[in-house]
Amino acid sequence: MFITVRHGDNVHQLFNPDCALRLLVEDVKKRCHCPTGLTVALLDDKLSVIHLPELSLDYASSLVTDRGEYILVGVERGDRGHSKYTSLLDHPEPELLAKLEALSHPQGLHPTPRKAGKKPSKTALMASTKGRKTSTSSRSRGK
């Protein structure tokens, strides 16, 4: 079993994912010359992100496809749980850059806030029931 990881100047590196995920991540970072402290992820052929938790004891082969080709990306954790994804290819294709931009700015995917399923605030609920008599309030007064 092996996978191919693209990085740098379109360099293709072979890796054996039949090991603990943390070992694969260490090997990828070392052989792809990643800066110290960089969090990495892989993009598959459909440009879907495969996160690589560095401390996981799971087998890497459970996350990747045998003989799959992946693109190495850097991940920076930002505020509010958002992540910024950057290509570790020297000359990424425009489609890849657009996908990474969309992943890095999820609010750009939904420019208008969704109202469906939004719960009203407590103040809005209190204002809407103010002055209304309900059967529950009548019973609580002893009527």
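Which residue in β5 does Ala41 stand opposite? I looked this up at the start, and I found that Ala41 stands opposite Val73. I note here that the model is predicted.

**Entry: the partners of β5**

I took strand β5, residues 69–77, and went through its pairings. Strand β3, residues 39–43, is joined to β5 by 5 bridges, and the two run antiparallel. The Ala41 and Val73 pair belongs to this part of my notes.

I then turned to β1, which covers residues 3–7. β1 and β5 pair over 3 bridges, in the parallel sense. In this pairing I looked up Arg6, and the residue opposite Arg6 is Ile71 in β5.

β6, residues 83–87, was my next stop. β5 and β6 run antiparallel and are joined by 5 bridges. I checked Gly74 and wrote down Thr86 in β6 as its bridge partner.

**Entry: the turn between β5 and β6**

How many residues lie between β5 and β6 in their hairpin? I found 5 residues between the two strands. Arg80 is in this turn, and I noted its positive phi of about 60°.

**Entry: the largest pocket**

I looked up the largest pocket and recorded about 180 Å³ of space in it. Its lining has 12 residues. Those that lie nearest the centre are Asp79, His82, Ser83, Ser104 and His105. β5 and β6 are the elements that give two or more residues to this lining. I also sorted the lining by class and wrote down 6 polar, 5 charged and 1 nonpolar.

**Entry: the nonpolar cores**

In soluble globular proteins, nonpolar side chains tend to be buried together. With that in mind I looked up the largest nonpolar core, which has 19 residues. The members that touch the most other members are Ile3, Phe15, Val40, Leu42, Leu52 and Leu72. At least two residues each come from β1, α1 (21–31), β3 and β5. Which element gives the most to this core? My note says α1, with 4 residues.

I picked Leu72 for a closer look and left aside its neighbours within four places in sequence. Leu72 is in contact with Val5, Arg6 and His7, with Val28, Cys32 and Cys34, and with Val40, Ala41 and Leu42. Ser87 and Leu88 complete my list of contacts for Leu72.

I also found a second, separate core of 10 residues. Among its members I wrote down Leu47, Val75, Leu96 and Leu100.

How values were computed. Residues numbered from 1 in each chain as written. Predicted model: local features only at pLDDT ≥ 70, side-chain atom pairs only at ≥ 80, totals over all residues. Heavy atoms only, no water. 1 Å grid on protein atoms, 1.4 Å probe; cavity = no way out; pocket = protein on both sides within 12 Å on 5 of 7 lines; lining within 4 Å. Points joined across faces, edges and corners; volume = space filled by probe spheres on them. Nonpolar A, V, L, I, M, F, W, Y, C, P; charged D, E, K, R; others polar. Pairing = 2+ DSSP bridges. Core = buried A, V, L, I, M, F, W, Y, C linked by side-chain atoms within 4.5 Å. Buried < 20%, exposed > 50% of the residue type's maximum accessible area, 1.4 Å probe, protein only. Contact = heavy atoms within 4.5 Å.
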